[in-house]
Amino acid sequence: TGKLTERGVNAFSKVLTDISSIARTYASNHSLVDLLISNKHVGMAQCPRVRAALAINSGNVGDPHSAGRRKVIVFQLSSEVRRKTSELQGVEDFYMRPFVDMNSFILPDVVSLIGMNFGKNELYRAFGSNISSMLSLAHNDDVVKE
């Protein structure tokens, strides 16, 4: 019929941007730039997250590092996008999930990326209600030395 089913959208979403971890998002497919089924462009109209991932791939052809970095920023660091994508892919989402296993030395850079790309409201959504959990992630002696 030429129509991409919900199951198909979910599969392409996972291939293009696996939301289950930051590392998997970074390593997701960066070469697929369009979807054609039965001579009809379907990927660009079916799902905003698939469309966004395809656009990131299109804008970073030949540069998988930049594509991966941009996907992490767009899909992992925005709580709303992460929640919707997790729902689409059937992955349980928690606000703190992307940050739990993160090296405490790169956390300030991630906080900066969230602020630069999404503003203060997203910083609050990401960290405000969970600040005590965030503080426990840092090894205070190690951070002070660094």
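## A buried asparagine in H4

Asn57 is buried, with a relative accessible area of 0%. The residue belongs to helix H4. Bear in mind as you look around that this is a predicted model.

What does Asn57 touch once its neighbours within four places in sequence are set aside? Its contacts are Leu16, Asn29, His30, Ser31, Leu32, Val33, Ala67 and Lys71. One of these partners, Lys71, is 14 residues away from Asn57 in sequence, and the two C-alpha atoms are 9.0 Å apart.

## The chain as a whole

Stepping back, the protein chain holds 11 helices and 2 strands. Followed along the sequence, these elements come in the order α-α-β-β-α-α-α-α-α-α-α-α-α.

Of the 146 residues in the chain, 37% are buried. If you take the contacts between residues at least 6 apart in sequence, 59% of them join residues at least 24 apart.

## Two nonpolar cores

The largest nonpolar core is made of 14 residues, and those with the most contacts inside it are Val9, Leu16, Cys47, Val50, Leu54, Ile56 and Phe75. At least two residues of this core come from each of helix H1 (6-16), helix H4 (48-59) and helix H5 (64-76). Which helix gives the largest share? That is H4, with 4 residues. A second core, separate from this one, has 5 residues, including Ile73, Leu77, Val110 and Ile114.

## One face of H1

Helix H1 is a nice one to view end-on. Its buried residues are Gly8, Val9, Ser13 and Leu16. Looking down the axis of H1, you will find these buried residues within an arc of 135°, so they line one face of the helix. A general point about geometry helps here: an α-helix has 3.6 residues a turn, so residues three or four places apart point the same way.

Two of the buried residues of H1, Val9 and Leu16, are also among those with the most contacts inside the largest core. Leu16 is in addition one of the contacts of Asn57.

## Thr17, between H1 and H2

Thr17 sits in the loop that runs between H1 and H2. Is this loop residue buried or exposed? Thr17 has a relative accessible area of 2%, which is under the 20% limit, so the residue counts as buried.

Not counting residues up to four places away in sequence, Thr17 touches Thr25, Ser28, Ala53, Lys71, Phe75 and Gln89. Lys71 also appears among the contacts of Asn57, while Phe75 is listed among the best-connected residues of the largest core, those with the most contacts inside it.

## The largest pocket

If you are looking for open space, the largest pocket has a volume of about 290 Å³. It is lined by 12 residues, and the closest to its centre are Ile22, Arg69, Val72, Val110 and Leu113. Helix H2 (22-27), H5 and helix H8 (107-118) are the elements that give two or more residues to the lining. H5 provides the largest share, 4 residues.

How do the lining residues divide by character? There are 9 nonpolar, 1 polar and 2 charged. Val110, one of the residues closest to the pocket centre, is also part of the second core.

## Asn117 on H8

Asn117 is found in helix H8. With a relative accessibility of 31%, this residue is partly exposed.

Apart from neighbours within four places in sequence, Asn117 is in contact with Arg70 and Ile73. Ile73 is 44 residues from Asn117 in sequence, yet their C-alpha atoms are 7.8 Å apart. Ile73 is also a member of the second core.

How values were computed:
Residues are numbered from 1 along each chain as its sequence is written. This is a predicted model: local features need pLDDT of at least 70, side-chain atom pairs count only at pLDDT 80 or more; totals for chains, interfaces and linings use all residues. Side-chain values use heavy atoms; hydrogens and water are left out. A nonpolar core is a set of buried Ala, Val, Leu, Ile, Met, Phe, Trp, Tyr and Cys residues joined through side-chain atoms within 4.5 Å. Buried means under 20% relative accessible area, exposed over 50%, partly exposed in between (1.4 Å probe, protein chains only). The arc is that of the directions from the helix axis to the C-beta atoms. On a 1 Å grid over the protein atoms alone, a cavity is a set of points where a 1.4 Å probe fits but cannot get out, and a pocket is an open set with protein on both sides within 12 Å along at least five of seven lines; lining residues have an atom within 4 Å of a point. Grid points are joined across faces, edges and corners, and a volume is the space filled by probe spheres set on the points. Ala, Val, Leu, Ile, Met, Phe, Trp, Tyr, Cys and Pro count as nonpolar, Asp, Glu, Lys and Arg as charged, and the others, Gly among them, as polar. Contact means heavy atoms within 4.5 Å.
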